[in-house]
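Let's take a stroll through this protein chain and see what its side chains are up to. Have the 3D view open as you read.

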Amino acid sequence: MSWDIWLIFLVLGMILPWRGHLRIKKLKEMAHVGTMERLTLYASTIAFQWFAVAGVAWRSLARGFSAFQLGLTVRDRTRIFIASIVGAAVIAALQWLNLRRVGKIPIESRGSLQVLAERILSLSTVVLLPYLALAVTAGLCEEFLYRGFAMAVFMRIGFQAWAAVLVSSVLFGLAHSYQGRGGVVMTFLIGLVLGTSRIAYGSLVPAIFWHSAVDVVAGTAGPRYLTPKGQVGPVREVLTP
């Protein structure tokens, strides 16, 4: 692999997890996290993700990766559209049920998930609408980075499809290490599902819909079940850069 590809993987595998930990530490140290702090967090994360995608897309094109290799094409539109909508609905329902289940667990037993919810989520419409923009951004940008670029590189250097899915999911899990070990494992498993869809459909579109559905439900149901005033402040991928 060329130096720029190595550099991108260094950022994905080390810099992003480190950055996530720093941001969570800063949030925990704040005496109060209000609307302005949350909006600033969302805006900076959205900007960072699109900046990262622009840089990676630039280097991908410079190294000869095609739109097809990056999962940016849609060949069987009807099949992909149905898979995207049905899959998103199923995953959204599962996410909602999981949040409701977690909401029934005593607060002191919820660990890092509860800390994230109280610091990041809000029932306020002023906060929720920008969060939804962040959720869609995460679906678009992270899928391009992990299921588009990373898997394309792994398959170019000779990985089998299953190995590309596995390693890209490890990187995806590491990017969410600020959520603790449980969050890493859950994100890794979600990565396996998203990566498999990338192989099955030859496109990132279903994974983008499914990923966004997870985050949208986290932002709408999370405050209801996980924050003190909901049982104000969305949960899973809010800080993913």
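Start on the outside: Phe81, Ile82, Ile85, Val86, Val90, Leu94, Trp96, Leu97 and Phe209 make a nonpolar surface patch of about 830 Å². Patch members need over 30% relative accessible area and no salt bridge, and nonpolar side chains (Val, Leu, Ile, Met, Phe, Trp, Tyr) are joined within 5 Å. The areas come from the Shrake-Rupley method with a 1.4 Å probe. Helix α3 (residues 77-103) gives the largest share of the patch, eight residues. Helices here are DSSP runs of H or I, at least four residues, numbered from the N terminus.

A quick word on the ground rules: this is a predicted model, where local features need pLDDT of at least 70 and side-chain atom pairs count only at pLDDT 80 or more, while totals for chains, interfaces and linings use all residues. Residues are numbered from 1 along each chain as its sequence is written, and side-chain values use heavy atoms, with hydrogens and water left out.

Leucine 97 sits in helix α3 and is partly exposed, at 41% relative accessible area. (Buried means under 20%, exposed over 50%, partly exposed in between.) Tryptophan 96 is partly exposed too, at 31%.

Now for the rings, which pair if their centres lie within 6.5 Å; planes under 30 degrees apart are stacked, over 60 edge-to-face, and the rest tilted. There are six aromatic pairs by this rule. In one of them, tryptophan 96 meets tyrosine 225 edge-to-face, 6.2 Å centre to centre with 70° between the planes. Tryptophan 96 is in helix α3 and tyrosine 225 in helix α8 (residues 205-226), so this pair ties together parts 129 residues apart in sequence. Tyrosine 225 is buried, with a relative accessible area of 11%.

Next, the charged side chains. A salt bridge is a side-chain nitrogen of Lys or Arg within 4 Å of a carboxyl oxygen of Asp or Glu, and the count comes to three:

| Salt bridge | Closest N to O |
|---|---|
| Arginine 59 and aspartate 4 | 2.7 Å |
| Arginine 63 and aspartate 4 | 3.0 Å |
| Arginine 147 and glutamate 143 | 2.7 Å |

Shared partners join Asp4, Arg59 and Arg63 into one network. Aspartate 4 counts as buried because its relative accessibility is 3%, whereas arginine 63 is partly exposed at 33%. Arginine 147 and glutamate 143 are both buried; they are four residues apart in helix α5 (residues 125-156), so about one helical turn separates them.

Methods
Patch = residues over 30% accessible without salt bridge, like charges linked within 9 Å, V, L, I, M, F, W, Y side chains within 5 Å. Helix = DSSP H or I, 4+ residues; strand = E, 2+ residues; numbered from the N terminus. Buried < 20%, exposed > 50% of the residue type's maximum accessible area, 1.4 Å probe, protein only.
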